[in-house]
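Me: Please take one close look at the strands and the core they contribute to. I am new to this structure, so explain each term once.

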Amino acid sequence: MTSRVSTASWAAALSVLAVAAYQSQDTVQGAAPTPDISGVYWTNSYTSRIQPVNGGDPPYKHEAMATYKKNMAAIAAGTLDDRARSYCVPDGVPRVLQSPYPFEIVQVPQRGELYLLYEINHMIRRVDMQKPLAPEKELQDLPFFAGHSAGHWEGDTLVIETAGFNDTSFLDNSGAPHSDQLRTVERIRKIDNGKALEDVVTIHDPVVFTRDWSARFVYQPRPDLRIMDWNCGEKHRDLSSVKGIHPQ
């Protein structure tokens, strides 16, 4: 069974962000200008399994690998309880980073905020650019599908730390598990003279993995696109241009 997601709140959020971003164009006098990575981005390749930057498989602990194999078998049988696909709850991080659908970055520097707006499931990530993440206990008391995020700039690189996840989502589209101890650090920057956007995410989850590891995602700027409407269970954007997507 699927449910239709109302788009009223999504449209309202975009309107507020657009106004705030417009009002924040003037840089505070004397302050260094904030790097501009705003805009719509879209990958041109897709794989269902998240892959470490150095190749091979993520360093699962024995029990976690057993859970992963069980999840993959359930996907093959069509029985996996994947709420992100059956009820369109947020994909979470890093799963949303591998989405074959576009996303938009909206920077609001005068408010100390940055937003990542994902077309898939209309997932919204608010990144607090003014203060670090709350203490671990506070984050665990209010877990989110997408966690809680705080960011800062290191030169031309946006660093986003995210924690406070619930444990009911997956790391990717192949059923890779994680625990509520998951923490991610993303390093996002423009590369190739601004022709691409790179996101290298480091994954820390001592319950599931024997060590920290990283994955890399690259997207192309798409100023010709706008984020589309999303209704759970209905057909959406044509993905035929994305390498790795197979027609249904």
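Reply: The strands come first, then the core, one buried residue and the aromatic rings. This is a predicted model, in which local features need pLDDT of at least 70 and side-chain atom pairs count only at pLDDT 80 or more, while totals for chains, interfaces and linings use all residues. Residues are numbered from 1 along each chain as its sequence is written, and side-chain values use heavy atoms, with hydrogens and water left out.

Helices (H or I, at least four residues) and strands (E, at least two) are DSSP runs numbered from the N terminus, and two strands pair if DSSP finds at least two bridges between them. Strand E7 (residues 183-191) pairs with strand E8 (residues 196-204) in the antiparallel sense, over nine bridges. Ile-188 has Asp-199 in E8 as its bridge partner. Four residues lie between E7 and E8 in this hairpin, and Asp-192 in the turn has a positive phi of about 55°. E8 is also joined to strand E9 (residues 213-221) by seven bridges, again antiparallel. There, Val-200 has Arg-216 in E9 as its bridge partner.

A nonpolar core is a set of buried Ala, Val, Leu, Ile, Met, Phe, Trp, Tyr and Cys residues joined through side-chain atoms within 4.5 Å. Buried means under 20% relative accessible area, exposed over 50%, and partly exposed in between (1.4 Å probe, protein chains only). The largest such core has 44 residues, and Leu-97, Ile-105, Tyr-118 and Leu-197 have the most contacts inside it. Among the elements that each supply at least two residues of this core are helix H2 (62-77), E6, E8 and E9. E9 gives the most, with four residues.

Thr-162 lies in strand E6 (residues 157-163). Thr-162 is buried, with a relative accessible area of 0%. Its contacts (heavy atoms within 4.5 Å), not counting residues up to four places away in sequence, include Arg-125, Leu-133, His-148 and Glu-186. The side chains of Thr-162 and Arg-125 are joined by a polar contact of 3.2 Å. A polar contact is a pair of N or O atoms within 3.5 Å; within protein, one must be able to donate a hydrogen and the other to accept it, and residues adjacent in sequence count only if both atoms are side-chain atoms.

Rings of Phe, Tyr and Trp (its six-membered ring) pair if their centres lie within 6.5 Å; planes under 30 degrees apart count as stacked, over 60 as edge-to-face and the rest as tilted. Tyr-41, Phe-103, Tyr-118 and Tyr-219 form one aromatic cluster.
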